[in-house]
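Hello,

I am handing over the structure we spoke about. Please open it first, then read my notes below.

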Amino acid sequence: MDLYSSIFNFMYLFIDSFGFLIISALGLAIIFGMMGIINLAHGEYIMLGAYITTLTAAAGMPFIIALLCGSLGVGLFGGIVDRLIIRHLYKRPLDSVVASWGVSLIMSQGMLVLMGPSIPGLSTPMGSINVGQFDYSVYRIFLGFLAIFIMIVLYVLFKKTKFGLHSRATMQNAVIARNLGINSDRMYCMTYILGSVLAGLAGALYAPTLSIVPTMGSNFMMLSFVTVVVGGADPMTGTLLSGGLLSLFNGGLSMIFGTLMGRLGLLVVAILFIRVLPEGFSGLVERQTLRVNRKKQEAISNGESN
Amino acid sequence: MRTIKDTNEETVLKLENVSKNFGGIQAVDDFSFEVKKGELRCLIGPNGAGKTTVFNLITGVYPVSEGKIIYKGEDITKMPAYKRSRNGIAIKMQIPGVYESLTLRDNLKIACYNFLTPHCKRRELEKAVDELIAMVGLESLGDPIVGNLSHGQQQWLEIAMTLAAKPDLLLLDELAAGFGPEETAFTAKLVKMLHEQGLTILFIDHDMDFVREIAQKVTVMHFGKKFAEGEMSDIEQNEDVQTIYLGRSQGGDN
C-alpha cells in the first residue's frame, strides 16, 4: 500500500468512526447533559428510527422522506414517553436509568414480536470510490461531514435562538426561568423530543448500512455511552472533542490491527481518559474558559481603577 | 384615557387567608393583605417571619396550602408560575437569580424574549438589551460570563432582567442586602424612579434607613401572621413592633 492510499485509508476510518460516534451520541448527550436523564432506551430509539426509515423506504418513498419520517417518528414517540414517564424523573438520573431501561426492553422485545427477527435492509446510497486497493463507501464519508454539519446546526440552535437560550436557562435553574416567564415544563419536553429526534436521525442515517434487527440498538448504545462519558456534561464541546479523540485511536488502530483492536483501543483510551479527567472534556474546557474569562475581567477592572 | 374604575384605589394584589406549611412548620399562617395600584409597600419582620415565603407564594414557586391569591381581580392561586410572570408579576430574588455560566447579554436575552413581540427582529432584541444595561449602569462591562461579576453587579443584572418583563407588580426581596451606602442610595433612587413610572412595588428589607427612605406603607409579619400595618412613622412608634422587631425590650434598649 503506498503512502497516499494509507493516508486516505486512515482518513476514511477516522471520518467513518467520527461520524458514527457523533451522530449516535448527540441525542444521548443532549438528554443527559441538559436534563440529567440517562436514557438507556437511546439504542432502542435509534433502532426504532432505523425501522421506520427502512419500512417507509421499502413502501416506495424516496430515502430523504423516509429519513424525515424516521427522525420525526421517534421524536413523536419520545414526546409520548416523556409525558407518560420521563417527566416524573427530571433531574433524577438513577431513577431515569431504571425507567428507561424498562422502556428499552419493551421496545426491543415489542419490535421482535411485531416485525420478527429481522426485516430486509436498504441498499447503501451513493455507491463507492476506489482508492489504492480498497473500495470506500461514499455514503459513510458523507455521514462524517454530515455529523459536523449537525453539530453546527445544534450549536446555533442552543447558542443563538430563543429555544436554545430558554432551554439552557431552564436546565440550569428552573425557578429563575419560571419567574422570567419561561414555561419550564414545555422546555423539558421539547429538549427531550429534540434528543429523541436526533436518536431517530441516527437510526435513519445508518439504516442503509446495517442489518435491521430488533437488537441493533446495542451497537449504538455502547459507543454512544462511551462518547458521552468521555465528553462530559457539555453536549456540544464535550461530544465533539470526545468523538474526535476516540475516532483518532479507533481509526488508527483499526487500520493497523483490524476492527476488533480498533474497538478495544477505543475502550482502553476511554477508560484511561476518565481515570485522568473524571469530568470528561467538558470539565477540562470549562476550567480553561473560566480561567481565561476571569483574567480578562481582571484586566478590565484593573484598567478601570487606573 | 383610562376608565373611571381604573383609579389609584384599584387593588392589584390581594391575599385572602393564605397559609403555607412545610411538613408541619407553619411558615405563613392565615395571612391576608392588599396592595393597591401604584403603592410602594414594604414587608418587614424578624428572620423566619415568612416574608420570603409570601413572595414565593405570590410568584408561584410554592403552591399555597390554604387561601386565595387574587391579582388584578383574577384568582391566580392555581396559575403556574410562568403565566404569573407573563401577566406582569416580576421578582428580584434574595440570592441573585442570574445564570452564572452564561454571559451578561445572554442572561438579558433570556429575560427579554417572552416580552417582545413574537418573531421580533434581532436588532430590536439587541436594542432592548442595550436599554436595560444602560438603565442599571453596566455599560462598561462588555459581555462577560456572569459568574465572574461581583455580587453587586449580579444584583443589578437581576434587576435589569426583572424589568425586561415591563411588570405591573414588582417584588423586591432584600434588594439592598450586601450593598455599600453609595450603592444603597442609587438603589433607593432607582426604586423611587420606577415607582414614579407607575409600578406597584412590594419589597422586603432589613435596612431600616432604606425602608424609611422609600416605603409609604409597611406591613409587619411575625410567626407567619400579619402583626401590624400602617405608615412607617406609626409603625416605628408602635411598641409591640419595637419589641418583636426592632430588638428593644419594653424596659428600654438592650
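**What I found**

In chain A, 48% of the 306 residues count as buried. Keep in mind throughout that this is a predicted model.

**Chain A overall**

Chain A has 12 helices and 2 strands. Reading from the N terminus, the order is α-α-α-α-β-β-α-α-α-α-α-α-α-α. So where do the strands sit? They come after the opening run of four α elements, and a run of eight α elements follows them.

The C-alpha trace of chain A spans about 70 × 50 × 35 Å along its principal axes. I checked the radius of gyration too. A compact globule of 306 residues would have a value near 19 Å; chain A has 21 Å, which agrees. Contacts reach far along the sequence. Take those between residues at least 6 apart: 75% of them join residues at least 24 apart.

**Helix H2 of chain A**

Look at helix H2(A), residues 42-58. Does its length fit the rule for a helix, and what are the numbers? At 1.5 Å a residue, its 17 residues should span 24 Å. The C-alpha atoms at its ends are 24 Å apart, which agrees.

Is H2(A) enclosed or open? Of its 17 residues, 15 are buried, so the rest of the structure largely encloses it. A general point helps when you view any such element. An α-helix has 3.6 residues a turn, so residues three or four places apart point the same way.

After H2(A) comes Gly60(A). Its phi is positive, near 105°.

**Chain B overall**

Chain B has 9 helices and 10 strands. Buried residues make up 41% of its 254 residues. Its C-alpha trace spans about 60 × 45 × 40 Å along the principal axes.

The globule check works here as well. For 254 residues, a compact globule would have a radius of gyration near 18 Å; chain B has 19 Å, which agrees. Among contacts in chain B with a separation of 6 or more, residues 24 or more positions apart account for 67%.

**Two residues to look at in chain B**

Start with Asp30(B). Asp30(B) lies in strand E2, residues 25-36 of chain B. Its phi is near 50°, a positive value in a residue other than glycine. Is Asp30(B) buried, exposed or partly exposed? It has 14 C-beta neighbours inside 10 Å, so it counts as partly exposed.

Next, Lys166(B). This residue is in the loop between helix H5 (151-163) and strand E7 (169-173) of chain B. The phi of Lys166(B) is also positive, near 45°, and the residue is not glycine. With 10 C-beta neighbours inside 10 Å, Lys166(B) counts as exposed. The cut-off behind that call is 12 or fewer.

**Where the chains meet**

How many residues does each chain bring to the contact? Chain B brings 23 and chain A brings 20. On the side of chain B that touches chain A, helix H2 (81-86) and helix H3 (104-113) of chain B each supply at least two residues. The largest share there comes from H3(B), with 5 residues. What is this side of chain B made of? Its residues divide into 13 nonpolar, 7 polar and 3 charged.

Best wishes

How values were computed: Residues numbered from 1 in each chain as written. Chains lettered and ligands numbered in written order. Predicted model: local features only at pLDDT ≥ 70, side-chain atom pairs only at ≥ 80, totals over all residues. Expected span 1.5 Å × (residues − 1). Buried ≥ 20, exposed ≤ 12 C-beta atoms within 10 Å, placed from the backbone. Rg over C-alpha atoms; globule rule 2.2 N^0.38 Å. Contact = placed C-beta atoms within 7 Å. Nonpolar A, V, L, I, M, F, W, Y, C, P; charged D, E, K, R; others polar.
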